[in-house]
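Here is a short briefing to read alongside the model. Take a moment to find your bearings before going through the points.

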Amino acid sequence: MPLLRKYYSQLIFLFVGILVGFSISRLPIQFDDKISPIALATFFLTIVLALYLEYKVRPSLSNTRNEKDILIESISDIKEKLNELHALYMSVRELNPLPEEKQTEILTKLREVSNLISLLKSADKYCKTYQRLAVPDKIIKAYLKYKKSLTGNKFKDPNFTFDRLDWKTQENAYRQHMTALNESIFDYNKAR
Amino acid sequence: MTQVAEQLTIRIDRDFSQTPGSRNKDEGAFSGEEFLNAILLPKFEQAEKEGTTLLIDLDGVEGYATSFLEEAFGGLARLHDPKRVLKILEFKSYDEPLLIDEITSYINEATA
């Protein structure tokens, strides 16, 4: 009984096969006795191709898609955190001087963005089914540029204030960082 | 039999400050310049003399401004050969792993 339960689907197929074979032999159909080698080769090639597609190509494509989704999701998290950081910067950039706790808050947000990029870098390293890209490097470069534009002058000075003349540079650095992130989504999507 | 020299360590939160500041001394307390002259440079030269490495533990602080990192590590690379600096210094940063890439870039670009 346990054997029957284990192989019941195979047994059903066997039974159905016998029935179909028996029924076909009863039908008034004439089969050609000669077997064409080309037709036989085509038959076997089709089976081999079907097996290859099912067990090799499909899982590989599916893995690659899953990996891309993980990486793209990581980039979305970075974008969200970067937006929070930039919103904070926008809300405090006119303060003169910028209180030290706000400076620390900005540094904390920068650290959060940085850590998300670091996670992306690790994920990228472990996703190996698609071709290698320099996506994390591009994002890190943009992040460092943005960080430098925000804190690079006299950050953490008690009298620090965001110089109005630097606002444009900071805005540009933010936009470039966002562009790098958006482009990276397309890069991952296009990757083979 | 001679023993291999023990690795030297700087824990920034313990040996310097949990709130590292700006670039220069005149911009406030715990600046990159102060860290370089008071702690990093003497320890680096000691490590070089003893033929060992110097581990910089970056964890446990509120956060680092670019100016602090550039002045401290870029400053060290302006005083010593950047390749030698990178050979002797080792970094630990569980709080923010990307800091290591950032510092490495300042060391490499210090004399550029």
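What follows covers the sheet of chain B, a helix that lies across it, and the contact with chain A. Please keep in mind that this is a predicted model. In chain B, three strands form an open sheet in the order 1-2-3, with parallel pairing. On the other side of the story, 16 residues of chain B are in contact with 21 residues of chain A.

**The sheet**
- The order 1-2-3 describes an open, parallel sheet of three strands in chain B. Strand 1 (8-11) and strand 3 (89-92) of chain B each have a single partner strand, so each stands at an edge with one side left without a neighbour in the sheet.
- From one strand to the next, the twist averages 20°.
- Strand 1 and strand 2 (residues 54-57) of chain B run parallel and are joined by four bridges.
- Ile10(B) has Ile56(B), in strand 2 of chain B, as its bridge partner.

**The helix across the sheet**
- Strand 1 and strand 2 of chain B are both crossed by helix 2 (residues 32-50) of chain B, which runs at about 170° to strand 1 of chain B.

**The contact with chain A**
- The contact involves 16 residues from chain B and 21 from chain A.
- On the chain B side, helix 3 (66-79) and helix 5 (98-109) each supply at least two of the residues that touch chain A.
- Helix 5 of chain B gives the largest share of that side, with four residues.
- Sorted by class, the side of chain B that touches chain A holds seven polar, six charged and three nonpolar residues.

Terms used. Residues numbered from 1 in each chain as written. Chains lettered and ligands numbered in written order. Predicted model: local features only at pLDDT ≥ 70, side-chain atom pairs only at ≥ 80, totals over all residues. Pairing = 2+ DSSP bridges. Axes fitted to C-alpha atoms, helices over the stretch in contact; angles between N-to-C directions. Contact = placed C-beta atoms within 7 Å. Nonpolar A, V, L, I, M, F, W, Y, C, P; charged D, E, K, R; others polar.
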